[in-house]
Amino acid sequence: MASSSRTNPRKESVVVDCGRRRTTCGYCRSPRRSSISHGLWAHSLTVDDYQGLLDRGWRRSGCFLYKPEMERTCCPSYTIRLKASDFVPSKEQVRVSRRLQRYLDGSLDAKGANTIEDPTTSTKSESCVHHKVSTPKSEESLSASKEEQNEVEKILHQLSDQIDKIVHMLIEKGEFPSHIVLPKPSVRKVSQGKKKLLANGSEDILYSSNIAFQIAASIKRTQSGDKNRNNSQPSQDGEKENASSPKIIAEKLVVPLDSMAKSSGLSVRACNGHINFYAPIEQVSQSESVRSAETPKKSGMKRDIVGNCRSSPQHCPVKKRKFEIRMNRSSFDPEEFDLYRRYQLKVHNDKLDHVTETSYRRFLVDTPLLYVSPTGDSTVPPCGFGSFHQQYLIDDKLVAVGVIDVLPKCLSSKYLFWDPDFAFLSLGKYSALQEIGWVKENQAHCPSLQYYYLGYYIHSCNKMRYKASYRPSELLCPLRYQWVPFDIARPLLDKRPYAVLSDSSILKTGDSSLPQATEDSTERHLDDIDQEDANDVRMDEDEQTVESEESSDDEPDLENTACGNMENCDVSRVLVGVEGTRLRYRDLRNAFGPEGRQYLETQLQKYKNVVGPELSERMVYSLG
């Protein structure tokens with residue numbers, strides 16, 4: 001979408017060149033090495049232009065824009081993003097979501113370390129030593145439990161018989177080899193603990209069978225024997241193996257099994273080779289109602305998590321917590337600043353005199369982005385485009401703030417700070433999942449909004465590698481500005497901190513004989529890292545500025561792919577601002593003397609190299 005379709009022509013990007021900057025690195029903090037970057041100060045910036053800058057490796061810290069000089073800087077920083085619709089959460093990320101939900105439901109205590117199994121809560125003053133006492137009521141419970149167990153065993157036996165009949169029926173039809181030997185199918189009850197580990201929507205699963213895996217193993221053994229005796233048809237092996245996979249076998253069994261299972265009041269589905277039996281939705285809701293209705297009738301003395309008893313439920317009902325996310329345009333909020341200060345002092349161990357209101361404003365409140373209000377059509381999301389603070393509240397208490405930019409193609413995550421008292425909820429990781437979900441939801445309002453940008457990925461800094469756990473992610477090549485899948489880029493970065501990720505010899509083959517990282521290996525590796533929470537990007541704040549430095553004659557500019565050789569770089573169309581006017585440089589050239597013209601053209605060539613030809617003709621290069 002063109003910039004003019006959303007912005008007033010008078011609202012334009014105006015930047016001042018800050019040259020090359022050398023600062024203390026906020027990642028490695030090495031006294032011997034420095035962070036080297038290009039810098040621009042933005043008086044104003046359209047969302048389209050900032051989107052273009054992001055896709056050339058730039059980021060912002062307040063109104064200051066910077067781009068690492070990748071071959072010289074101590075910690076090469078690669079822009080990382082993922083397509084929200086392709087996101088696949090890891091097991092750890094799923095656990096983070098469930099942990100927060102359990103806390104909101106009241107089944108997780110405030111320390112996040114213990115699960116409260118009873119529907120009541122307790123305090124230390126209400127606890128007492130628990131003594132096991134046999135009562136007529138407990139004997140009735142034991143009797144009822146035994147009857148329930150017998151009923152379950154009866155159902156398991158019936159389901160096993162039904163699966164066995166289906167298997168033999170399919171063998172007679174020729175679906176499976178007639179000479180395979182199989183044990184009687186086993187069906188097991190799914191425990192409550194297993195249900196919690198399964199995906200959302202699996203709470204109503206009751207029983208499961210792995211017979212498809214046993215059949216697949218028997219067929220594979222049979223095929224191996226046939227292959228040893230006769231290798232005349234090797235071309236059909238792949239098709240046979242695919243047809244005998246547990247997933248395909250389970251799907252074959254489920255079709256005829258479904259009608260038989262319905263007679264038992266169950267529904268059946270195949271799931272990754274397993275045959276799962278579920279309770280109907282109405283039955284689940286009825287059983288929940290019965291369970292909740294029976295709760296007050298149970299004994300008033302309950303065990304807590306350490307075996308002590310609790311008071312009666314009518315005195316300590318479970319209190320569900322209210323969770324709310326508010327999205328506000330970027331502005332100073334004293335409550336947010338107080339939370340930010342606590343976070344920086346306790347989590348990052350910053351010194352008190354370094355965490356000032358001024359530095360906070362310049363880092364996370366000030367923004368050059370020109371706000372674009374919603375238009376009511378499918379070009380702008382309901383919140384508009386611009387800079388925002390997402391507030392996370394539990395029972396109206398501010399517990400986290402995510403600082404984000406909403407742009408035409410993406411939500412760009414800038415920073416996340418949270419209440420140290422709620423560290424057990426992993427709010428940084430949860431906020432990343434929430435922001436990915438936000439992109440998915442708002443695609444209906446703005447189809448161009450598809451990506452989630454996580455800032456910089458720094459392979460040489462262990463604490464910044466966690467970003468690759470949000471899969472499938474892409475890294476921006478620092479030379480050709482092409483997006484490269486992380487699994488292709490990672491082996492290159494394992495060899496050296498700086499790499500041209502879009503090397504044609506790598507992309508042509510897809511792997512170029514380099515080892516590929518699987519999701520499990522990546523996740524295990526990331527679990528071993530002392531991770532920052534998601535979006536916890538430590539930026540070089542602009543109060544750490546040093547004097548701009550000029551390039552020496554023996555230091556060639558490395559990022560000259562925008563216009564080839566620097567000497568032949570045409571800057572005639574660069575948009576220049578002088579004393580309130582905006583003109584192409586070709587119309588201003590004669591206003592400067594020979595020395596002034598040579599100096600300015602050198603600066604404009606460097607500027608065009610780092611922002612690209614298109615943006616150099618669109619943004620105003622202000623001469624003050």
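The following legends describe close-up views of a predicted model.

**View 1. The eight-stranded open sheet.** The strands of this sheet follow the order β12-β13-β14-β15-β16-β5-β17-β18, and their pairing is mixed. Strands β12 and β18 (483–485) occupy the edges; each has a single partner strand, so one side of each is left without a neighbour in the sheet. From one strand to the next, the twist averages 35 degrees. Helix α1 (residues 47–54) packs on the sheet and touches β5, β13 (386–394), β14 (397–406), β15 (410–418), β16 and β17 (473–476). The direction of α1 makes about 80 degrees with that of β15. Helix α12 also packs on the sheet, with contacts to β5, β16, β17 and β18, and its direction makes about 85 degrees with that of β18.

**View 2. Strand β5 and its two partners.** Strand β5 (residues 78–83) pairs with β16 in the antiparallel sense over five bridges. Within this pairing, Thr-79 stands opposite Tyr-456 in β16. Strand β5 also pairs with β17, again in the antiparallel sense, over three bridges. Here Arg-81 stands opposite Glu-474 in β17.

**View 3. The β17–β18 hairpin.** Strands β17 and β18 pair in the antiparallel sense over three bridges. Leu-476 has Trp-483 in β18 as its bridge partner. The two strands form a hairpin with six residues between them. In the turn, Tyr-481 has a positive phi of about 55 degrees.

**View 4. An aromatic pair between strand β12 and helix α11.** The structure holds 21 aromatic pairs. In one of them, Phe-323 and Tyr-430 meet edge-to-face, with 5.9 Å centre to centre and 75 degrees between the planes. The pair links distant parts of the chain: Phe-323 belongs to strand β12 (residues 323–329) and Tyr-430 to helix α11 (residues 427–442), 107 residues apart. Phe-323 is partly exposed, with a relative accessible area of 25%, whereas Tyr-430 counts as buried because its relative accessibility is 14%, under the limit of 20%.

**View 5. An aromatic pair between strand β16 and helix α12.** The ring centres of Tyr-457 and Phe-486 lie 5.4 Å apart and the planes stand at 80 degrees, so the pair is edge-to-face. Tyr-457 is in strand β16 (residues 451–457) and Phe-486 is in helix α12 (residues 486–495); the pair therefore ties together parts that are 29 residues apart in sequence. Tyr-457 is buried, with a relative accessible area of 1%. Phe-486 likewise counts as buried, at 4% relative accessibility.

**View 6. Further aromatic contacts.** Ring pairs link Phe-332, Phe-337, Tyr-340, Tyr-360 and Phe-417 into a cluster. Elsewhere, charged side chains sit over aromatic rings. The charged end of Arg-321 is placed over the ring of Tyr-103, 3.8 Å from its centre. The charged end of Arg-329 sits over the ring of Tyr-371, 3.7 Å from its centre.

**View 7. The crossing of helices α2 and α11.** Two packed helices are described by the angle between their axes and the distance between the axes. The axes of α2 (residues 91–105) and α11 come within 10 Å and cross at roughly 100 degrees. Helices α2 and α11 are therefore roughly perpendicular to each other, since this class covers angles of 65 to 115 degrees. On the α2 side, Glu-92, Gln-93, Val-96, Ser-97 and Leu-100 take part in the contact; they meet Lys-429, Tyr-430 and Leu-433 in α11. Tyr-430 is also the partner of Phe-323 in the edge-to-face pair of View 4.

**View 8. The seven-stranded open sheet.** The strand order is β3-β4-β2-β1-β21-β19-β20, with mixed pairing. The edges are formed by β3 (59–61) and β20 (581–584), each with a single partner strand, so one side of each is left without a neighbour in the sheet. On average, neighbouring strands of this sheet are turned by 40 degrees against each other, direction ignored. Strands β19 (residues 575–578) and β21 (residues 620–622) run parallel and are joined by two bridges. Gly-577 stands opposite Ser-622 in β21. Helix α15 (residues 594–611) lies across β1 (14–23), β2 (35–44), β4 (64–68), β19 and β21, and runs at about 140 degrees to β21.

Methods:
Residues are numbered from 1 along each chain as its sequence is written. This is a predicted model: local features need pLDDT of at least 70, side-chain atom pairs count only at pLDDT 80 or more; totals for chains, interfaces and linings use all residues. Side-chain values use heavy atoms; hydrogens and water are left out. Rings of Phe, Tyr and Trp (its six-membered ring) pair if their centres lie within 6.5 Å; planes under 30 degrees apart count as stacked, over 60 as edge-to-face and the rest as tilted. Helices (H or I, at least four residues) and strands (E, at least two) are DSSP runs, numbered from the N terminus. Buried means under 20% relative accessible area, exposed over 50%, partly exposed in between (1.4 Å probe, protein chains only). A charge sits over a ring if NZ of Lys or CZ of Arg is within 6 Å of the ring centre and within 35 degrees of the ring normal. Two strands pair if DSSP finds at least two bridges between them. Axes are lines fitted to C-alpha atoms, for helices over the stretch in contact, and angles run from 0 to 180 degrees between N-to-C directions. Contact means heavy atoms within 4.5 Å. Angles under 35 degrees count as roughly parallel, over 145 as roughly antiparallel, 65 to 115 as roughly perpendicular and the rest as oblique.
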